[in-house]
Amino acid sequence: MASISTLASSLSSLSFSSQVSQRPNTISFPRANSVFALPAKSARRASLSITATVAASPEEEEIVELKKYVKSRLPGGFAAQKIIGTGRRKCAIARVVLQEGTGKVIINYRDAKEYLQGNPLWLQYVKVPLVTLGYENSYDIFVKAHGGGLSGQAQAITLGVARALLKVSADHRSPLKKEGLLTRDARVVERKKAGLKKARKAPQFSKR
């Protein structure tokens, strides 16, 4: 019983505090200087500018040189020239200018052999009127062509050259007409019809 009484007396001697701290205890760490400091708002942002220069290909340089050459030979452009002829074939239209020279042929500011892909037949079309009159090395040909394909353009140039030669001399009409070089070839591709595969080709018959 003595142990119980001593325990009770020890508990009564204890006192509990009801005061609660208004501010909880906080732990503060010293502020260290940051190694990676963010840039200030007032600081200008660095701008990265990349400039690339593309070297011109030899073909582009050649076209530029031919343009300068043609402009020097044809002051005022194609429309201001006297010896000029217009040829048409299929959907192609060619404006041709003749000038005294050594037989150069320039089509759309490119050499004729390059423009016509070295096709001997198309190159022959261009020079037929000059060869007929014996002028293959007496005139330079400058051409602006558009529409259709290369075959149609080559034949349009033929008619354009022949018509331009008529402005050189009226005596050229008889030999050119004899070769059929002054006739506009009106043949075109026939249009496709409804229900047919092409202009006249019927679909294959099927029994079942």
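This passage describes helix α4 and its surroundings, the largest cavity and the environment of E190 in a predicted model.

Helix α4 comprises 14 residues, spanning positions 120-133, and the distance from its first C-alpha to its last is 20 Å, which is close to the 20 Å expected at 1.5 Å a residue. Within this helix a bend of about 50° is found at K127, and a proline, P129, follows K127 within four residues. At the N-terminal end, α4 is capped by N119, a side-chain oxygen of which lies 3.0 Å from the backbone nitrogen of L121. Just after the helix, G134 adopts a positive phi of about 80°.

The buried residues of α4 are W122, V126, P129, L130 and L133, so that P129, the proline that follows the bend at K127, is also one of the residues that count as buried, with under 20% relative accessible area. The packing partners of these buried residues include two strands, β3 (105-107) and β5 (139-146), together with two helices, α5 (150-168) and α6 (173-178).

With respect to internal space, the model contains one cavity of 30 Å³ or more, and the largest cavity holds about 40 Å³ of space. Its lining is formed by E59, E62, I63, L66, Y109, R110, D111 and E114. Two or more of these lining residues are given by each of the elements α2 (58-73) and β4 (110-111), and the largest share, amounting to four residues, comes from α2. The residues of the lining that fall within the range of α2 are E59, E62, I63 and L66, whereas R110 and D111 are those that fall within β4.

Beyond these elements, E190 is placed in the segment after α6, the helix that is also among the packing partners of the buried residues of α4. The relative accessibility of E190 is 37%, and because this value lies between the limits of 20% for buried and 50% for exposed residues, E190 counts as partly exposed. The side chain of E190 is joined to that of K193 by a polar contact of 2.5 Å. When neighbours within four places in sequence are left aside, E190 is in contact with A199 and R200. The second of these residues, R200, is ten residues from E190 along the chain, and the C-alpha atoms of E190 and R200 are separated by 8.9 Å.

Terms used:
Residues are numbered from 1 along each chain as its sequence is written. This is a predicted model: local features need pLDDT of at least 70, side-chain atom pairs count only at pLDDT 80 or more; totals for chains, interfaces and linings use all residues. Side-chain values use heavy atoms; hydrogens and water are left out. The expected span of a helix is 1.5 Å times one less than its number of residues. The bend at a residue is the angle between axes fitted to the seven residues ending there and the seven starting there. Buried means under 20% relative accessible area, exposed over 50%, partly exposed in between (1.4 Å probe, protein chains only). Contact means heavy atoms within 4.5 Å. A polar contact is a pair of N or O atoms within 3.5 Å; within protein, one must be able to donate a hydrogen and the other to accept it, and residues adjacent in sequence count only if both atoms are side-chain atoms. On a 1 Å grid over the protein atoms alone, a cavity is a set of points where a 1.4 Å probe fits but cannot get out, and a pocket is an open set with protein on both sides within 12 Å along at least five of seven lines; lining residues have an atom within 4 Å of a point. Grid points are joined across faces, edges and corners, and a volume is the space filled by probe spheres set on the points.
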